[in-house]
Amino acid sequence: MAHTEWRDAPELPDFSLLKRLARDQLIFLLEQLPGKKDLFIDADLMSPLDRIANVTILKQHEVDKLYKVELKPIVSSSDQLCFLIRPRIQTVKWISDLVNADKVAGRFRRYKIIFTPQKFYACETVLEEQGVYGDVTTDEWNFYILPLDDDILSLELPEFFRDNFLEGDQRWVTTAGSALHLLQSVYGSFSKVYGIGRCAKVRICDKTLNLTDEQILVDENMGSVFLVDRDVDFVTPLCSQVVYEGLVDDLFRIKCGSVEFGPDVTSSDKSIKVMLNSQDKVFSEIRNEHFSNVFGFLSQKAKNLQTAYDKRRGMDIQQMKAFVSDELKGLKQEHRLLSLHIGASESMMKKKTKQDFQELLKTEHSLLEGFEIRECITYIEEHINRQVSMIDSLRLLCLLSITENGLLSKDYRSLKAQYLQSYGIKHLLTFANLRQLGLLEEQQAGETLTVMESKVGKLVNDKTVGKLTDAFSSLAKKSNFRALSKRLALVPKSGEEYDLRVPRDMAYVFSGAYIPLSCKLIEQVLERDGWTGLEEVTRMLNGQEFAVTGGSSSSEARNKTDAQRIVLVMFLGGCTFSEISALRFLGKERDTYYVKQIEYMVNIKLSI
Amino acid sequence: VLKESKRAVNSILVDDDDEDEEDVERVSWSGEPVGSISWSVKETASSIRSGSEQSFPKIDTTPSLSKQGSGYSLSSLFKGNLHDLSPEETVRRMQKGRAFSLEKFRSLQDKLLLLDEAVAVYDGNVITAVLIFLKKSLSKEILFRELMARDVALRHYVHYLKEMGEQKLLVELLKALGRTEDMALMHYKEHLNIKDESRRRDFLKSCLSLPFSQDDATHVQDHYTLLERQIIIEASDKKAVAEIFKKFPRKASILNMPIITTLYYSCFYHYGESEGTFSSPSNIRKTFRISEKQYILTALGARAKLKSWFDVDSLFNTKNWLGYTKKRSPIGFHRVVDILHKNSAPVQVLQEYVNLIDNPDLKLGGALKYKCHDIVINTYRDLKDRQQLIVYREKLERDSPEYRKIQELLNNVQIRWKN
C-alpha cells in the first residue's frame, strides 16, 4: 500500500461536536410541542437524522409514531402532528391540504413544521395563502452540517446543484455561508479565504469574513478555507471513477456515508447496509487506492487473517482464553469486513468487464487528451445505439462537448436524435437543461466569431481587438479545457508508464491519465499563497477568483501551527470521491487538507 | 464540554446588531420566534417564557392579531418605525429573519429599489420574498416588463412559479419575454404528468403547433406518431394469438417505450410483416428515419435472441452484380460476434462471423475467446508461428480433429517456421 501512516498530519478538530449541537437543538424543538405527537420526516432527512439521533431519543421526547413524508393522505390518530422537512413548497402545500381537510372534518389538532436547515419566505407564504397560517406553527432546525467522516463534512443538500446552476436560484448559497459561519463560531476563524467561482465569491466570501471577535468563542485558528464552484470544473465529475471508494459510489451509490450491498456482494439472500468511513479498518486502507491494487491487497489481508486465526493451534487453555478475549473479536470483525469488500470488488470486476469498461475508459482518456476525436464519437454513437447505460452515454456526450468547446452542429444533431431514439424522446428536455448548464452545447457562434474577430482585427488596433475578443469569448461561454489542460499540465504525456502502486501525483485517481482540474487549482493556489502567476488560468475560467486574508492573526504567524495547516475545501455543488482521494494524496505530500462537500454529484441529475 | 458547546451555540446567529433584545425580535415576521439556537438556549437559561407563546389558536372568530395576520404588515402595528426603513435596512432585516414591513414600498421606483437591493446581497430567499410581494402588488404586465432587464430576479421568479405550479402564468411570462422555445418545452413537459395514454397522445398532438426549434419540432412529431402507433400495436397484440406470443409471452406493454425498443419489439414479434402494417420493422424504420447501422444492430439482437440464425445471415447478405452473395456490415463484425455470443450462438455460426473480422488481432482474439479452433490454427499457420501452435495443441483434446490438424502442420516440412 502506498500509504499507511499520516505522520505529519495535524490533528483535525473534533467534528462530533456538530452532531451534538444539532441533536440538542432538535430535542429542544420537540419539547416545544409537549405531549405525545406523531413525527413526519422528509425521506431524504432520514439518513442524516439517523447519524445524529435514534428512535429512543425521539421516543424520550414523546414522539409516538414515525412516518415518512410521502405527499399522500395520512393515517394518524394523534392530536399533534410534527413535520420535520426541507423547506420545499410542495411539501408545505401537502401539509396545508392536510390541515384544511382536518378543518372540514371538524377535527382539531396541533401542527408544527420544523424546517431544516432553515425556512424560506416562499414556504410560509404558502401557509398564508392556504389559510392555515397560525394553525401551523413553524420552527427552524439549523442542522447545517453533517460530519460524514473524520475529514468529510456534508451539507446534504442534493438540490444545491440544480437550483443554483440550472435554475439560477441563489437561496442555498446563503445556507452554505451559514454553515461556514457555524464552523467559525465553534472552531475559530479562518486565517485565509481562497476561492473561485460566482457563488464562492459574491456571497460566501463576504459573509465568512464578516465575523466580529465576540462571535468567535474559541481563540483559535481553523486554518484556511478554499471555496470552489462546481461549474469551474465540470470535467472531473464526468469521468468514470477508478479509485475504490469512487467505484463503490458509481456502482452502488454511497448515500450519507453508507452503502447498501446487494445479495451479489454479500453472497447471501439479503442486502446489508454498511457504513463506509475511517472506522472500517479494511475500507480505510483501500478507499483511496486505484482499483487495480485493491484485489491484491485484499487477498494479502485474507492470508494474514488466516495466519492470525491459525495461531490458535497448539495453544494451551490459558493462551486460548487470552486469544479469545483479546483478539478473536477483532479478527471476526475484520473477517466480516474483508469478505464484504472482497464481495464488492468481485461484483465490480464482473460489472465493469461486462460493460466494456476498458473501452469506456479508453474513450474518456482520448477525449481528455484531445486525441482521435472521430473514433470517440463513433464509440459514443455505438454506445447510444446499443441502449446501454443511459447515464454513461450522457456523461460521454458532455465530456465530449466540454473538452471540445461544444459539438459540431451536425454531430450534435445526429447524436441527439440517436439518443432520443434509444432512450426516449422526452429527453429532449434533458438536452435543453444541459444546454442551459453549458454541459452539452452545439458549436455555432464559435466559427462565426473567429471570422468576425479577424475581420474586425484588420480595422482596429490591437488593444481594441483584445477587448473584443474578451467580449466574444465570454459570449461563447467557452470551457477552454484544452488550453487549461495544457497550461496546468493536467494530462500527462501519453506513452509514459505510470505505476499505480506508487502514485507520483494526483493523476493516479484517473489511472494516471488526468489530474482533476479542481484539485490542481487548489494545489497551485496554496503553493503560491494566492493567484499570482495564474492570471492566464483564471482568465480562461472566467475570472471570479479571490484570496483574502482574514481579520485576525495572519501574517505574523509565519511558522504555522498545526491548526493553520488545515485547509477546508468547500465544493459548492458537490464533489466526487475521486477528488477527495486526490486531495488526501495532496494532503500527505504537503499539509493536511480537509475536504467538505455539498453533494456527491457523480451522476449529474439532469433529466427533466 | 457541554457547557462549552452551549456557549458556542449561544453565539451562533447572534448578530452584531444592537437591537437584539427589542420586542420586535419576539414578533418576527413569521409571528413565531421560537427556533434559533441562541434564543432557545437563552430561554432555557432564564425559563421565563410565558405559556402564551405555546397557545395554539383555536378556530374561532377572535383571532389574535399577532398570530394570524400576515407577517409582512402586522408586525408594523407594533413597530411603526418599520415603515421608515430604507430598502437596504429592510433587506437586511429580512435576511436576518426580523420583523419588517413592505407596505411603504408603493411607488414603482421604491419597489424596484427594494428588488435591486435584494439582488445585490445575493440572498435567494429574500429575492423570492420581494418577488412575491411584487407579484401581489404589481400588474403582471408591469412586473414582466421590469423583470426583462433583471436576469437574476427573473430566474428566481421563473423558479418560484415552477415550484408553485403556476403553469399558466409561467407560459405568459415566457411569451412576454419572447422565449418561445422555452415556453414550448415547458408546455411539452406537462405530458409527463398524464398517465392515460390516449389523453397523453392527444396532448402531444396539441403540442405539434408549439414554436419549437426546428429539430425539436421533428422530435415532438415523432413522439406523437410513436405513441399513436404504440397504442394501435398494443391493442392488437394484447389479444394476439400467434405462435410467437405463446412461445415468448410479452413481459411488458410497449406503450411509452423508446423508438429503438419499439423497433426491437417489432423485430421480435412482427418480423417479416409487410411495410404496409404499422407494426412491421420496415415501417418503423422508415417512419422514424432509423439509420442502417442502428437497424442492423437492433434486428440482429432480436433475431439472435430467437436463435433465428437464418434471419441473422440474411441481414448481412448482399449480392453483387455477378450474383455472388457476400457479407457486409455497417457495424464491425467483432461486435456482431459479441452479440451472437451473448445470445449463445453455436460455434459454427460464431466461426463464420469471426472469420469476417477485418482486424487480424481482433479476429485472433475472437477466435481464441470463442474456441473457433480452425481459425486459430490457420492464423498461426499463416503467421508461421510454430511455438504458438504447440502451445495451442496442448489445450486441445488428444486425437480430436483439431489436434490432428496441428499435428499434420507441425510435421509438414515444407513450412518455413519463424520459430
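This briefing walks through the salt bridges of the structure above and then looks at chain A as a whole. Keep in mind that you're looking at a predicted model. Across all chains, a search of the whole structure turns up 55 salt bridges. Side chains of opposite charge can pair when their charged atoms come close. A good residue to start with is A:R584, which pairs with A:D151 and also with A:E245.

**A:R584 and its partners**

- A:R584 sits in helix α25 of chain A, which covers residues 577-589.
- In the salt bridge between A:R584 and A:D151, the closest N and O atoms are 2.9 Å apart.
- A:D151 belongs to the loop between β6 (146-149) and β7 (152-154) of chain A, so its pairing with A:R584 ties together parts that are 433 residues apart in sequence.
- A:R584 also meets A:E245 in a salt bridge, at 3.8 Å from N to O.
- A:E245 comes from helix α10 (residues 244-252) of chain A and A:R584 from helix α25, so this pair ties together parts that are 339 residues apart in sequence.

**Buried or exposed?**

- What are the relative accessible areas of these residues? For A:R584 the value is 5%, so it counts as buried.
- A:D151 is buried too, with a relative accessible area of 8%.
- A:E245 has a relative accessible area of 2%, and that makes it buried.

**The wider network**

- A:R584, A:D151 and A:E245 don't stand alone: together with A:D149 and A:R287, they are linked in a network of salt bridges.

**A link between chains**

- Now for a pair that involves chain B: B:D216 forms a salt bridge with A:K416, and their closest N and O atoms are 2.7 Å apart.
- B:D216 lies in helix α14 of chain B (residues 214-238), while A:K416 lies in helix α18 of chain A (residues 409-423), so the pair joins two chains.
- Both B:D216 and A:K416 are buried.

**Chain A as a whole**

- How many helices and strands does chain A have? The secondary structure comes to 25 helices and 14 strands.
- Chain A has 608 residues, and 58% of them count as buried.
- Take the contacts in chain A between residues at least 6 apart in sequence: 77% of these join residues at least 24 apart.
- Chain A exposes about 25100 Å², with carbon and sulfur atoms supplying 50% of that area.

Methods
Residues numbered from 1 in each chain as written. Chains lettered and ligands numbered in written order. Predicted model: local features only at pLDDT ≥ 70, side-chain atom pairs only at ≥ 80, totals over all residues. Heavy atoms only, no water. Salt bridge = Lys/Arg side-chain N within 4 Å of Asp/Glu carboxyl O. Helix = DSSP H or I, 4+ residues; strand = E, 2+ residues; numbered from the N terminus. Buried < 20%, exposed > 50% of the residue type's maximum accessible area, 1.4 Å probe, protein only. Contact = heavy atoms within 4.5 Å. Areas by Shrake-Rupley, 256 points an atom, 1.4 Å probe, with all protein chains shown as cover.
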